[in-house]
Amino acid sequence: MYIMISKEEKAAQNGEIMKTVKQQEKEDCIDCHQCVVVCPTGIDIRNGQQLECVNCTACIDACDEVMEKVGLPKGLVRYATEAEIENQETFQIYLQNESYHCISCFTDRIFRILNV
């Protein structure tokens, strides 16, 4: 299962004390609130995943835009598993998944041709 999680939420889950804005590392939230502004349901993603989220990813795009403008690394808000966040891994597409996709598309085309 993929979840959207920020570093602040991860720190809160681990029981760490939140840093002040002056002490924040370069990858931390800069409190621009653009993620809340662009959200169609008004969710504050910094409070973690919420039931009302419609997975439109507008918050991800807004955060990446702001981070790019201020010269900080993108990807603070993203879809990731907890293991990917802890190990600082990125999402990988495996050959097996790609082959399933290709076979599925090929089979779909064959059935469309035969049914026409």
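The structure holds 4 salt bridges. The model is a predicted one, and these charged pairs offer a convenient route into it.

Arg46 and Asp31 form one of the bridges, with a distance of 3.0 Å from N to O. Because Arg46 belongs to the loop between helix 2 (34–38) and helix 3, and Asp31 to the loop between helix 1 (7–13) and helix 2, the pair ties together parts that are 15 residues apart in sequence. The two partners can also be described by their accessibility: Arg46 counts as buried, at 19% relative accessibility, whereas Asp31 has a relative accessible area of 36% and is partly exposed. The pair belongs to a wider arrangement, since Asp31, Asp44 and Arg46 are linked in a network of salt bridges.

Another bridge lies within one helix. Asp108 and Arg112 meet through their side chains at 2.9 Å, N to O. Both residues lie in helix 5 (residues 95–115), where a separation of 4 residues corresponds to about one turn of the helix. Asp108 is partly exposed, with a relative accessible area of 34%, while Arg112 counts as exposed at 52%.

Lys74 takes part in a salt bridge with Glu68, in which the closest N and O atoms are 3.5 Å apart. Both Lys74 and Glu68 are exposed. Lys74 also enters the description of an acidic residue that has no such partner. Asp64, in helix 3 (residues 58–70), is buried yet has no salt bridge. Its nearest side chain of opposite charge is that of Lys74, 5.4 Å away; a salt bridge requires the nitrogen and oxygen to be within 4 Å, so this pair does not qualify. Asp64 is nevertheless in contact with Lys74 and with Gly75, when neighbours within four places in sequence are left aside.

These charged residues are set in a chain of 5 helices and 2 strands. Along the sequence, the elements follow the pattern β-α-α-α-β-α-α. Of the 116 residues in the chain, 27% are buried. Among contacts between residues at least 6 apart in sequence, 47% join residues at least 24 apart. The chain exposes about 8800 Å², and carbon and sulfur atoms supply 56% of that area.

The interior can be followed through its nonpolar residues. In soluble globular proteins, nonpolar side chains tend to be buried together. Here the largest nonpolar core has 10 residues: Cys29, Cys35, Ile45, Cys59, Ile60, Cys63, Met67, Leu72, Leu76 and Val77. Helix 3 supplies the largest share of this core, 4 residues. Helix 3 is also the element that contains the buried Asp64.

The presence of several cysteines in the core list raises a further point: how many disulfides does a search of the whole structure find? The search finds 0. Cys29 is in no disulfide, and the nearest cysteine sulfur, that of Cys32, is 6.2 Å away. Cys29 counts as buried, at 10% relative accessibility. For Cys102, the closest cysteine sulfur is in Cys105, at 6.7 Å, which is too far for a bond. Cys102 counts as partly exposed, with 47% relative accessibility.

Notes. Residues numbered from 1 in each chain as written. Predicted model: local features only at pLDDT ≥ 70, side-chain atom pairs only at ≥ 80, totals over all residues. Heavy atoms only, no water. Buried < 20%, exposed > 50% of the residue type's maximum accessible area, 1.4 Å probe, protein only. Lys, Arg positive; Asp, Glu negative; His and termini not counted. Contact = heavy atoms within 4.5 Å. Areas by Shrake-Rupley, 256 points an atom, 1.4 Å probe, with all protein chains shown as cover. Core = buried A, V, L, I, M, F, W, Y, C linked by side-chain atoms within 4.5 Å. Disulfide = S-S within 2.5 Å.
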